[in-house]
Amino acid sequence: QVQLVESGGGLVQPGGSLRLSCVASGSIFSINAMGWYRQAPGKERELVAVMPSGGSTNYALSVKGRFTISRDNAKNTVYLQMDSLKPEDTAVYYCNAVVRTSWPSYTGIYWGQGTQVTVSS
């Protein structure tokens, strides 16, 4: 059993910043990729940023240069620093991780419950 818990969402004015955190816990042997997705009302869930355990990060074009993803592997935590926020960034943000569990050994994709980010004046 693996749980992902996000925190850090809220209401911010355009041009402001927020930092999201996501902690993975449970029967974890190793974590491969960790990332962030978002879903705005009436739209499909979309990739925001992903960070593999090795290799380069990937960002959606709409957030490149404004958002930064980072990981603390010792804490099984992924962060999303969001700067220069725009109203179109308003969405529920979901944490995602590819996790290999300890026992039984299984590799699966896990999701957090989501955290609301609202950018409005």
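**Group meeting: a walk through an all-strand model**

Let's start with one detail: the side chain of Thr-115 comes within reach of the backbone nitrogen of Gly-9, at 3.3 Å. Before going on, please keep in mind that this is a predicted model.

So where does Thr-115 sit? It belongs to strand β11, which covers residues 115-119. Is Thr-115 buried or exposed? It's buried, because its relative accessible area is 10%, and the cut-off for buried is under 20%. If we skip the neighbours within four places in sequence, Thr-115 touches Glu-6, Gly-9, Leu-20, Ala-91, Val-92 and Tyr-93. So Gly-9 turns up in that contact list as well as in the polar detail I opened with.

Okay, let's zoom out. How many helices and strands does the protein have? Zero helices and 11 strands. Reading from the N terminus, you just go β, β, β, through to the end. The radius of gyration is 14 Å, close to the 14 Å that the globule rule gives for 121 residues, so the protein is as compact as a globular protein of that length. Along the principal axes, the C-alpha trace spans about 50 × 25 × 25 Å.

A few overall numbers while we're here. Of the 121 residues, 40% are buried. Take the contacts with a separation of 6 or more: 55% of them are between residues 24 or more positions apart. On the outside, the protein exposes about 6,500 Å², and carbon and sulfur atoms supply 51% of that. As for charge, there are 10 positive and 7 negative side chains, with the centres of the two sets 5 Å apart.

Now back inside, to Leu-80. You'll find Leu-80 in strand β8, residues 77-82. Leu-80 is buried, with a relative accessible area of 0%. Which residues is Leu-80 in contact with, leaving aside its neighbours within four places in sequence? The list includes Leu-18, Leu-20, Trp-36, Val-48, Phe-67, Ile-69 and Tyr-93. Look at Trp-36 in particular: Leu-80 and Trp-36 are 44 residues apart in sequence, yet their C-alpha atoms are 7.6 Å apart in space. And notice Leu-20 and Tyr-93, which are among the contacts of Leu-80 and also among those of Thr-115.

Next is Ala-24, in strand β3, residues 18-26. Ala-24 is buried too, at 5% relative accessible area. Beyond its neighbours within four places in sequence, Ala-24 meets Gln-3, Leu-4, Ile-31, Met-34 and Asn-76. Met-34 is 10 residues along the chain from Ala-24, and the two C-alpha atoms are separated by 9.7 Å.

That brings us to Asn-76, which sits in the loop between β7 and β8. What's the backbone doing there? Phi of Asn-76 is near 50°, a positive value in a residue other than glycine. Asn-76 is partly exposed, with a relative accessible area of 24%.

Ser-84 has phi near 50° as well, again positive in a residue that isn't glycine. Ser-84 is in the loop between β8 and β9, and it's partly exposed at 40% relative accessible area.

One last backbone detail. Which peptide bond is cis, with omega near -5°? That would be the bond from Trp-103 to Pro-104. Pro-104 lies in the loop between β9, residues 91-101, and β10, residues 107-111.

That's my tour, thanks!

Terms used. Residues are numbered from 1 along each chain as its sequence is written. This is a predicted model: local features need pLDDT of at least 70, side-chain atom pairs count only at pLDDT 80 or more; totals for chains, interfaces and linings use all residues. Side-chain values use heavy atoms; hydrogens and water are left out. Helices (H or I, at least four residues) and strands (E, at least two) are DSSP runs, numbered from the N terminus. The radius of gyration is taken over C-alpha atoms; the globule rule is 2.2 Å times the number of residues to the power 0.38. Buried means under 20% relative accessible area, exposed over 50%, partly exposed in between (1.4 Å probe, protein chains only). Contact means heavy atoms within 4.5 Å. Accessible areas come from the Shrake-Rupley method with a 1.4 Å probe; for residues, only the protein chains shown count as cover. Lys and Arg count as positive and Asp and Glu as negative; His and the chain ends are not counted. The place of a charge is taken as NZ of Lys, CZ of Arg, CG of Asp or CD of Glu. A polar contact is a pair of N or O atoms within 3.5 Å; within protein, one must be able to donate a hydrogen and the other to accept it, and residues adjacent in sequence count only if both atoms are side-chain atoms.
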